[in-house]
Amino acid sequence: NAILKKAAVCRLAMVNDDKPYVVPLCFGFKDDVLYFHSGLKGQKIDCIRNNPNVCFEFDLIGEPKEAEEPCSWGINYQSVIGFGQAAFVEDSDEKHKALNIIMAQYSDQQFQFPQNKVDATAIIKVEIESMTGKQSGL
């Protein structure tokens, strides 16, 4: 949870027909749920409608770790990988709440969202089923 609170980007992996498809996204995180915003149309939307199974990844990258041997080099990092089911939030009040959760990831300010912008925005909700973390050197 601490890594998710510090992260700036979430990489969301979906299935596009029989191929993986990954996009970096702004996100919000609260109560074991991830929230993303999107346009109403596009490849990401199509992928989720066809298959709601998703994988997500977060990372915090530090400095490289130098060594005598090139194969012994590394990098300091923390990462989280997890799985869940994506769904679309349709209720307007829930969309407003989700947008506030997303904005809280990046700012302490409170925001008002114009209804026409909310109506033109898809909100993707991912209930986290499992997640694991890993770190090296941090």
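**Exercise 1. Place Glu 94 and Lys 97 in the secondary structure, then describe their contact.**

Glu 94 and Lys 97 both belong to helix α3 (residues 92-104), where three residues, about one turn of the helix, separate them. Helices (H or I, at least four residues) and strands (E, at least two) are DSSP runs, numbered from the N terminus. The two side chains form a salt bridge, with 3.6 Å between the closest N and O atoms. A salt bridge is a side-chain nitrogen of Lys or Arg within 4 Å of a carboxyl oxygen of Asp or Glu. Glu 94 is partly exposed at 37% relative accessibility; buried means under 20% relative accessible area, exposed over 50%, partly exposed in between (1.4 Å probe, protein chains only).

The model is predicted: local features need pLDDT of at least 70, side-chain atom pairs count only at pLDDT 80 or more, and totals for chains, interfaces and linings use all residues. Residues are numbered from 1 along each chain as its sequence is written, and side-chain values use heavy atoms, without hydrogens and water.

**Exercise 2. Work out which parts of the chain the pair Glu 57 and Arg 11 links.**

Step one: the side chains of Glu 57 and Arg 11 form a salt bridge (3.0 Å, N to O). Step two: Glu 57 sits in strand β5 (residues 53-65) and Arg 11 in strand β1 (residues 10-16), 46 residues apart, so the pair links distant parts of the chain. Step three: Glu 57 is buried at 18% relative accessible area, whereas Arg 11 is partly exposed at 33%. Step four: Arg 11, Glu 57 and Asp 59 are linked in a network of salt bridges.

**Exercise 3. Decide whether Asp 18 and Lys 19 are buried or exposed.**

Asp 18 is exposed at 66% relative accessibility, and Lys 19 is exposed at 54%. Their salt bridge has its closest N and O atoms 3.9 Å apart.
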